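Here is a short tour of a structure, written with a modeller's eye in mind. Have the viewer open and follow along.

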Amino acid sequence: MKFKVKDNWHSCKIKNFKKVFEYKKKPTAEKNFKIKGEYRRSFYECPSCNHFFAFHNFKTANLYNKDYLDLTYKDEKGISERFNQISKLPIKKSDNKNRALRVNSFIKKRSNILDVGCGTGVFLYEIKKKGHKVIGFDIDERYKNFLKKKKINVITKNLNKLRNKKKFDLISFNKVLEHVPDPLKNLKESKRLLKRDGIIYIEVPDVMAKLKGKFSGEFCLDHLQIFSISSLDNLARCAGLLTVKIKRIIEPSNKYTIYGFFKKIK
Ligand SMILES: [Zn+2]
């Protein structure tokens, strides 16, 4: 078994990670990822920054093919139902509406916003209502087709091609970096799409979710790492970003989350 993410940004220089959680069978609530062979996985904690790294042998890259969306929403009708269900929630119960408020009150001016890993697009839909221009990025065409009906443009490949055409005031990564094998690379690439004084907004699961136990959603199979304030700050610094604000919250859905606003180091 091995660690599932590049730790090229993790500078604690400590090797004696401590095993915190171990799973010997599929948690009942977990989506059926059709894991072949024995189900064994664990999380290890860095004793210095408290960051969690996932440790197992599953091929997580394969989780994000067509099957991932099939498992999650089935088809475009499923996406549409999910969208309606989430966007109907009152603000008290909506992670997305609170996120849109948070981002909107931080940026203060009309902005060009790119949301990386936009999914069903509820966040973009909400923040667009506040007068911003929005565009999404996601790998599955079905999100693109669905969001076209909501007048939201989604790019499904080659984000880098945008580089010379368009620069953004804000790029958001909402619960994305915990899923990718090389978050440092993704952040560095996105910086090229950011205006000089642009902002990167990041949301990741918080290690404090350990208080809710190992079956809490923050520690699901498709999360390759879970962040602490210092590890997120560290990752951002490695990517050449300056932390403007970073905070722990418990979202309306009871997710333990860390969010932050970052800007380019000039
Ligand atoms: Zn560390």
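## The zinc site

In this predicted model, the zinc ion has a tetrahedral site, with angles of 104 to 114° among its four donor atoms. Those protein donors are NE2 of H10 together with the SG atoms of C12, C46 and C49, and they lie 2.0 to 2.3 Å from the ion. If you set up restraints by atom name, these are the ones to select.

Along the chain, the donors follow the spacing H-x1-C-x33-C-x2-C. H10 sits in the loop between β1 (2–3) and β2 (18–23), while C46 belongs to the loop between β3 (41–45) and β4 (52–56), so this pair ties together parts that are 36 residues apart in sequence. Are H10 and C46 buried or exposed? Both of them are buried.

## Strand β12 and its partners

Now let's move along to β12, which covers residues 256–264. Seven of its nine residues are buried, so the strand is largely enclosed by the rest of the structure.

Which strands pair with β12? One is β9 (residues 194–205), which runs antiparallel to β12 and is joined to it by seven bridges. Here V204 stands opposite I258 of β12. Another is β11 (residues 241–250), also paired in the antiparallel sense, over nine bridges. In that pairing, K245 stands opposite F261 of β12.

## The hairpin turn

β11 and β12 form a hairpin, with five residues between them. For anyone checking backbone torsions, N254 in the turn has a positive phi of about 75°.

How values were computed. Residues are numbered from 1 along each chain as its sequence is written. This is a predicted model: local features need pLDDT of at least 70, side-chain atom pairs count only at pLDDT 80 or more; totals for chains, interfaces and linings use all residues. Side-chain values use heavy atoms; hydrogens and water are left out. Donors are N, O and S atoms within 2.8 Å of the metal (3.2 Å for Na, K and Ca); water is not among the atoms, so sites may look incomplete. Four donors count as tetrahedral if all angles lie between 85 and 135 degrees; four count as square planar and six as octahedral if opposite donors are over 155 degrees apart and all others between 65 and 115; anything else is irregular. Helices (H or I, at least four residues) and strands (E, at least two) are DSSP runs, numbered from the N terminus. Buried means under 20% relative accessible area, exposed over 50%, partly exposed in between (1.4 Å probe, protein chains only). Two strands pair if DSSP finds at least two bridges between them.
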